[in-house]
Amino acid sequence: MTIWRHPAANATTVSESISLLVISEYPVVRLGLLAYFTDSTIHVSGQTDSLDQAAQHVRNDNTDVVLVDLALLKPSGLAAIRHLLKIHPGIKIIGLSREA
């Protein structure tokens with residue numbers, strides 16, 4: 001899967017908002033979060049189901065926050081978080097879980 005980039009990712013108004021990358025294996029989760037944050041100060045700059053693509057996005061773009069689905073299988077959500085923190089120590093990460 002290729003990483004989806006919001007059409008306005010390079011617009012000047014986006015720089016005034018929080019840039020969010022969503023990582024989940026489930027398209028419905030990614031699309032639901034995209035819809036939820038529409039018209040918000042949080043701008044979904046990308047979404048993917050791949051750690052490699054997420055790492056590339058974090059390296060190349062000005063991502064403020066990464067939302068990681070902890071139910072990721074390859075690698076696990078926690079392994080993905082460790083990897084992202086290794087390549088970008090200052091990045092903010094939120095773990096998403098469907099468990100209560």
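**Exercise 1. The order of elements**

In what order do the elements of the chain run from the N terminus on?

*Solution.* Start with the source of the coordinates: this is a predicted model. Next, take stock of the secondary structure. The chain has 3 helices and 5 strands. Now read along the chain from the N terminus. The elements run β-β-α-β-α-β-α-β.

**Exercise 2. Two strands and a crossover**

Find how S2 and S3 pair, and give the hand of the crossover between them.

*Solution.* Step one: locate the strands. S2 covers residues 18-23, and S3 covers 42-48. Step two: look at the pairing. S2 and S3 run in the parallel sense, with 6 bridges. As an example of facing residues, take Ser19, which stands opposite His43 in S3. Step three: follow the chain from S2 to S3. The path goes through H1, and this β-α-β crossover is right-handed. Step four: check the surroundings of S3. Of its 7 residues, 6 are buried, so S3 is largely enclosed by the rest of the structure.

**Exercise 3. The two sides of H1**

Work out which residues of H1 are buried, and why they can be said to line one face.

*Solution.* Begin with the buried set. In H1 (residues 27-36), these are Arg30, Leu33 and Leu34. Look down the axis of H1: the buried residues fall within an arc of 105°, so they line one face of the helix. The spacing rule helps here. An α-helix has 3.6 residues a turn, so residues three or four places apart point the same way. Now turn to the other side of H1. Val28, Leu31, Ala35 and Tyr36 are exposed there.

**Exercise 4. An aromatic pair**

Identify the aromatic pair and classify its geometry.

*Solution.* First, count: the structure holds 1 aromatic pair. Its members are Tyr36 and Phe37. Two values are needed. A pair of aromatic rings is described by the distance of the centres and the angle of the planes. For Tyr36 and Phe37, the centres are 5.1 Å apart and the planes make an angle of 80°. Planes over 60 degrees apart count as edge-to-face, so the pair of Tyr36 and Phe37 is edge-to-face. Finally, compare the accessibility of the partners. Tyr36 is exposed, at 63% relative accessible area. Phe37 is buried, at 16%.

**Exercise 5. The start of H2**

Is Ser50 buried or exposed, and which end of H2 does it cap?

*Solution.* Place the residue first. Ser50 lies in the loop between S3 and H2 (51-60). Its relative accessible area is 19%. Buried means under 20%, so Ser50 is buried. Next, inspect the side chain. A side-chain oxygen of Ser50 lies 3.3 Å from the backbone nitrogen of Asp52. Ser50 thus caps the N-terminal end of H2. Then list the buried residues of H2 itself: Leu51, Gln53, Ala54, Ala55, His57 and Val58.

**Exercise 6. Gly77 and its contacts**

Describe the surroundings of Gly77, leaving aside neighbours within four places in sequence.

*Solution.* Gly77 belongs to H3 (residues 77-87). Its relative accessibility is 0%, so Gly77 counts as buried. With those neighbours left aside, Gly77 is in contact with Val68, Asp69, Leu70 and Leu72. Now look further along the chain. Ile23 is 54 residues from Gly77 in sequence, yet their C-alpha atoms are 9.0 Å apart.

**Exercise 7. The whole chain**

What share of the residues is buried, and what share of the contacts joins residues at least 24 apart?

*Solution.* The chain has 100 residues, and 38% of them are buried. For contacts, take those between residues at least 6 apart in sequence. Of these, 74% join residues at least 24 apart.

Note on methods
Residues are numbered from 1 along each chain as its sequence is written. This is a predicted model: local features need pLDDT of at least 70, side-chain atom pairs count only at pLDDT 80 or more; totals for chains, interfaces and linings use all residues. Side-chain values use heavy atoms; hydrogens and water are left out. Helices (H or I, at least four residues) and strands (E, at least two) are DSSP runs, numbered from the N terminus. Buried means under 20% relative accessible area, exposed over 50%, partly exposed in between (1.4 Å probe, protein chains only). Contact means heavy atoms within 4.5 Å. The arc is that of the directions from the helix axis to the C-beta atoms. Rings of Phe, Tyr and Trp (its six-membered ring) pair if their centres lie within 6.5 Å; planes under 30 degrees apart count as stacked, over 60 as edge-to-face and the rest as tilted. Two strands pair if DSSP finds at least two bridges between them. A crossover is right-handed if, with the strands pointing away from the viewer, the path from the first strand over the helix to the second runs clockwise. A polar contact is a pair of N or O atoms within 3.5 Å; within protein, one must be able to donate a hydrogen and the other to accept it, and residues adjacent in sequence count only if both atoms are side-chain atoms.
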